Amino acid sequence: MAATAAVAVSPVGADGAPAPTLNAVTLDAATIPDLQARMAKGSLTAVRLTEAYLGRIHELEPKVHSIVFLDPTALSQARASDERRRSGRVLGPLDGIPVLLKDNIDTRDLPTTAGSRALLAAKPRRDAPLVHKLRDAGAVILGKTNLSEWANFRSTKSTSGWSGVGGQTNNPYVLDRNPCGSSSGSAVAVAASLAQVSIGTETDGSIVCPGGVNGIVGIKPTLGVVDGDGIVPISHEQDTAGPFARHVVDAAITLSVLAGKDYVPNATSLRGKRIGVWAMADIDAGVDKVMQHTVDTLRQAGATIVDVVPANQDEIGADELPALLTEFKHDLNAYLAMRPGVPQTLADLITFNRRDPVELSKFGQELFEQAQAAPPVTDPTYRQQRATATDLARRSIDDLIAADRLDAIIAPTNGPAWLTDYATGDVDLIGSSTPAAVAGYPDITVPAGFAGALPIGVSFMAGRNADARLIGLASAFERVSNARRAPTFLPTTP
């Protein structure tokens, strides 16, 4: 593991006995309700489950490099959960369930670095509110995951999954392929069954792209559903945390805890549903094949398919980036002011990176420099750019939903994972995240198939606060498509 030694790690089987083995296939397939049922019957304990995941971490982290810090109290957290269960005080469906956190989410007892060596100097003073909710729900916090440094908002030529703290995270399906970002480690760890669920964050694509590329479920909720305080920011206008899981029900359970509202889906049928399909055809043959199979699956399940193309995508993109540059400088400076012991401004970070031997070793900091030169949030041009981008993004979804009476819009989440190459940087040619990201609307990726050995996801989008409806549809699609399969850690592929 790239930087795990920075925090003391409780050894697997720390109570003196070898860690019990839970079959890898069992871990991959088990849902949170399955695990809770086994714990209720006494055939599984939170300690056994936590030890099983710690064992897989020690076995597989040298291949994937997804985790930067392990929590030395993980097993004691699990023991506390088992004691609650013995005394009839189970806190809910996450009690005793191992969870990993993206390393831009504040934790009082573990470093929070956003992947940057500049933030290693001092820990946050307190947990982010979402971490409080996980702890209150009895979740076992296993540790922190690697990410694309500064949530992929440092360079115009960055390579996803790399950070100065954690090094390069690898795709578990084909190890020389990229995991996408910025929530790279959170997605990879769940795909590789190193935790039951994890938490990522998204500004535009940072949950759904790594979710799709790594063959798992990722939920980017409606903006505001999850409290965003205590998360290293890019933009308060678009940032949100959300869950990763191998199964929709697990992601929904986790979102329910984060949001304080029940999102666990009822049995939803696709029959009679109207689904808009934004196919993004003729860019990649493998994606086209997966999308055609997805359409066939939806039709066989009784859905009506309507071809759609969201409007004004170029215009949205043209205004989004300059707006984010202004928001990043404003929001990051405000965040850093609450983190004593680390650089206090974006300007300080730029200077730190120039002096550090690692930070600029793979790519530059062009976005940092552009943000430092960006106008303030009071600037009329900025305000117009943000208003235009948000309005057009919302209309691009709302108008299609209304005009065609759609229950959801689907699109390919990603193309096949590209080779990780620091000379070329990211070369992701397919992505559908921008409309929902800029609008602040929900977006859920679900495994849909493969291009060769590489997973392809399909994204479900709709309007504001349509999260529960989308989760139900995503769950129904998961059930009829049965598209996911576990990674096999191939070293390379033709």
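Helix 11 is a good way into the largest pocket of this predicted model: with 4 residues, it gives the biggest share of that pocket's lining. Helix 11 spans 313–336, and it is joined by helix 6 (149–152) and helix 8 (208–213) as elements that each put at least two residues into the lining. The space inside comes to about 920 Å³. In total 32 residues line this pocket, and if you want to centre your view, go for N152, D204, D428, S433 and T434, which sit closest to the middle. Sorting the lining by class gives 15 polar residues, 12 nonpolar ones and 5 charged ones.

Now slide over to the second largest pocket, with a volume of about 620 Å³. Here 31 residues form the lining, and the ones nearest the centre are G228, D229, G230, I231 and Y335. Strand 6 (197–202), strand 8 (240–245) and helix 11 are the elements that give two or more residues to this lining. Helix 11 turns up again with the largest share, this time 3 residues. As for chemistry, the lining of the second largest pocket holds 14 nonpolar, 9 charged and 8 polar residues.

Leave the pockets and look at how the side chains pack. The largest nonpolar core has 109 residues, and the members touching the most others are L94, L130, L134, L142, I199, I409 and F460. Helix 3, residues 46–64, makes the largest contribution to this core, with 9 residues. There is also a second core, separate from that one, with 23 residues, among them A118, I234, L336 and L367.

Zoom out to the whole chain and you can count 16 helices and 13 strands. Along the principal axes, the C-alpha atoms fill a box of roughly 60 × 60 × 45 Å. How does the radius of gyration of the chain fit with a compact globule? For 494 residues, such a globule would come out near 23 Å, and the chain has 21 Å, so the two agree. Of those 494 residues, 60% are buried, with buried taken as under 20% relative accessible area. The contacts tell you about sequence distance too: taking those with a separation of 6 or more, 77% are between residues 24 or more positions apart.

Terms used. Residues are numbered from 1 along each chain as its sequence is written. This is a predicted model: local features need pLDDT of at least 70, side-chain atom pairs count only at pLDDT 80 or more; totals for chains, interfaces and linings use all residues. Side-chain values use heavy atoms; hydrogens and water are left out. On a 1 Å grid over the protein atoms alone, a cavity is a set of points where a 1.4 Å probe fits but cannot get out, and a pocket is an open set with protein on both sides within 12 Å along at least five of seven lines; lining residues have an atom within 4 Å of a point. Grid points are joined across faces, edges and corners, and a volume is the space filled by probe spheres set on the points. Ala, Val, Leu, Ile, Met, Phe, Trp, Tyr, Cys and Pro count as nonpolar, Asp, Glu, Lys and Arg as charged, and the others, Gly among them, as polar. A nonpolar core is a set of buried Ala, Val, Leu, Ile, Met, Phe, Trp, Tyr and Cys residues joined through side-chain atoms within 4.5 Å. Buried means under 20% relative accessible area, exposed over 50%, partly exposed in between (1.4 Å probe, protein chains only). The radius of gyration is taken over C-alpha atoms; the globule rule is 2.2 Å times the number of residues to the power 0.38. Contact means heavy atoms within 4.5 Å.
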